[in-house]
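Open the model in a viewer and keep the sequence panel beside it. The stops below are given as selections, each followed by what is found there.

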Amino acid sequence: MPRCAPDRYWVSRVRHRLLVSLLGICLVIQGCSTTRGLKRPASGGGQPAADRFGALDSQQQSLMNASCYGGLPVDTAEAIGSTELITRQGYVLEHSSVDKIPLWVCESVAADQLGGHLARSNRFKADPDLKGPRAYPKDYVGSGYDRGHQAPAGNQTVDPDLKDQTFYMSNMAPQRPSLNRGIWKRLEDKTSDWVFRYGHAYEWTGPIRCEPKQLPPVTSEGACERRTIGEHAVAVPVYFYKIIVVQDQSVWKAIAFVLPNTDFKRPYRLESYITSIDWIEEHTGVEFMPKISVREQRELKAAVSPMWP
């Protein structure tokens with residue numbers, strides 16, 4: 001388990017969902033082919049995608065199916081505020097209009113898309129497909145935080161359009177420089193190793209806004225206290241998570257990490273931050289892979305993965 005997690009994960013999934021619904025935990029973690037953002041008003045969580053964003057068209061559904069194994073993540077928290085769904089060939093994300101960062105980003109990453117030689121452009125831009133409030137590159141200037149990719153630019157090394165789209169600010173969240181350029185980069189590289197080993201991986205990445213030991217940390221408005229940067233009040237997460245799912249022949253395997261948004265020094269010990277997917281769901285109010293079977297959920301989510309190293 002990560003240093004931020006309890007020694008044993010013992011809360012049942014039924015109790016988890018009930019607690020999240022009752023207490024309204026607000027953890028607003030919030031390609032060449034792209035569709036404009038679908039806006040969801042502030043409302044309760046736990047709704048199917050069609051209820052949250054309206055009916056998806058065939059292109060949006062296809063992009064979602066390609067990137068989000070087991071279905072679009074479901075927000076089980078009540079007080080998450082207005083969000084928008086962005087579907088692209090390179091990634092799919094749900095963006096928080098309140099915090100101006102994604103709740104989650106999901107990707108489908110194949111080995112052949114990692115073998116190119118495209119250099120980083122570093123052309124950060126506000127996302128033109130968002131309809132509501134959003135972050136701008138200048139919000140991070142002088143803040144002490146990097147513009148931290150959630151879907152890594154390194155996952156797009158062949159198609160320049162897909163790589164450029166990873167630099168939209170909807171795909172960013174404030175990360176401490178030594179996290180972003182150090183151990184988080186090490187985690188991205190390790191994830192690429194698994195992609196090469198297994199030929200393909202599904203990835204989910206996003207922020208955790210609240211201190212896990214304080215959960216449910218609700219204010220009188222039922223929301224986490226927010227630290228922000230910039231003119232547009234971009235929320236600063238306390239932790240970041242990454243979930244990786246692979247298929248080893250006929251067996252599905254998963255591993256998950258939670259890292260604090262703080263300064264890191266070498267040596268980096270990623271194994272110290274491995275946790276279960278259940279633990280991340282408990283502390284984000286997001287259910288991943290909601291359409292897989294109960295047996296698959298138990299096998300992939302409940303235990304800390306043996307995939308390491």
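**Stop 1: the end of the chain**

Select Pro-309, which is placed in the segment after α7 (294-301). The model is a predicted one. Show the backbone from Trp-308 to Pro-309: the peptide bond between them is cis, with omega near 0 degrees.

Stay in this segment and select Val-304, which also follows α7. Val-304 is partly exposed, at 38% relative accessibility. Add Ile-274 to the selection and draw the C-alpha to C-alpha distance: Val-304 and Ile-274 are 7.0 Å apart in space and 30 residues apart in sequence.

**Stop 2: a second cis bond**

Now go to Pro-267, in the loop between β12 (251-260) and β13 (274-275). The bond that leads into Pro-267 from Arg-266 is cis, again with omega near 0 degrees. Most peptide bonds are trans, and most residues other than glycine have a negative phi. The second half of that rule bears on the next stop.

**Stop 3: positive phi**

Select Lys-100, in the loop between β4 (92-96) and β5 (102-110). Lys-100 is not a glycine, yet its phi is positive, at about 60 degrees. Is Lys-100 buried or exposed? With 9% relative accessibility, Lys-100 counts as buried, because the cut-off for that class is under 20%.

Move to Ala-233, in the loop between β9 (228-229) and β10 (234-235). Ala-233 is another residue other than glycine with a positive phi, near 55 degrees. Its relative accessible area is 23%, so Ala-233 is classed as partly exposed.

**Stop 4: helix α6**

Select residues 277-284, which make up helix α6. How many of its residues are buried? The count is 8 of the 8, so the helix is largely enclosed by the rest of the structure. The buried set includes the charged side chains of Asp-278, Glu-281 and Glu-282, along with Ile-277, Trp-279, Ile-280, His-283 and Thr-284. Step on to Gly-285, just after α6, where phi is positive at about 75 degrees.

**Stop 5: the disulfide**

The structure holds 1 disulfide. Select Cys-68 and Cys-106 and show their sulfur atoms, which are 1.9 Å apart. Cys-68 is in the loop between α3 (58-67) and β2 (74-75), while Cys-106 is in strand β5; the two are 38 residues apart, and the pair links distant parts of the chain. Both ends are buried: Cys-68 has 3% relative accessibility, and Cys-106 has 0%.

**Stop 6: aromatic rings**

Colour Phe, Tyr and Trp. The structure holds 11 aromatic pairs. One of them is Tyr-202 with Trp-204: the ring centres are 6.5 Å apart and the planes meet at 40 degrees, so this pair is tilted. Tyr-202 is buried, with a relative accessible area of 14%, and Trp-204 is buried at 0%. Add Tyr-69 and Trp-252 to the selection to complete one aromatic cluster with Tyr-202 and Trp-204.

**Stop 7: arginines over rings**

Which residue lies over the face of Phe-124? Select Arg-147, at 4.9 Å from the ring centre. A second arrangement of this kind is at Tyr-145, where Arg-176 lies over the face of the ring, at 5.4 Å from its centre.

**Stop 8: the largest pocket**

Turn on a surface. Rolling a probe the size of a water molecule over the atoms shows where empty space is left. The largest pocket has a volume of about 410 Å³. To centre the view on this pocket, select Arg-120, Ala-153, Gly-154, Lys-185 and Glu-188, the residues nearest its centre among the 22 that line it.

Which elements give two or more residues to this lining? They are β6 (146-149) and α5 (177-198). Helix α5 makes the largest contribution, with 9 residues. Colour the lining by residue class to finish: 10 residues are charged, 6 are polar and 6 are nonpolar.

How values were computed
Residues numbered from 1 in each chain as written. Predicted model: local features only at pLDDT ≥ 70, side-chain atom pairs only at ≥ 80, totals over all residues. Heavy atoms only, no water. Phe/Tyr/Trp six-rings, centres within 6.5 Å; stacked < 30°, edge-to-face > 60°. Buried < 20%, exposed > 50% of the residue type's maximum accessible area, 1.4 Å probe, protein only. Lys NZ or Arg CZ within 6 Å of the ring centre and 35° of its normal. 1 Å grid on protein atoms, 1.4 Å probe; cavity = no way out; pocket = protein on both sides within 12 Å on 5 of 7 lines; lining within 4 Å. Points joined across faces, edges and corners; volume = space filled by probe spheres on them. Helix = DSSP H or I, 4+ residues; strand = E, 2+ residues; numbered from the N terminus. Disulfide = S-S within 2.5 Å.
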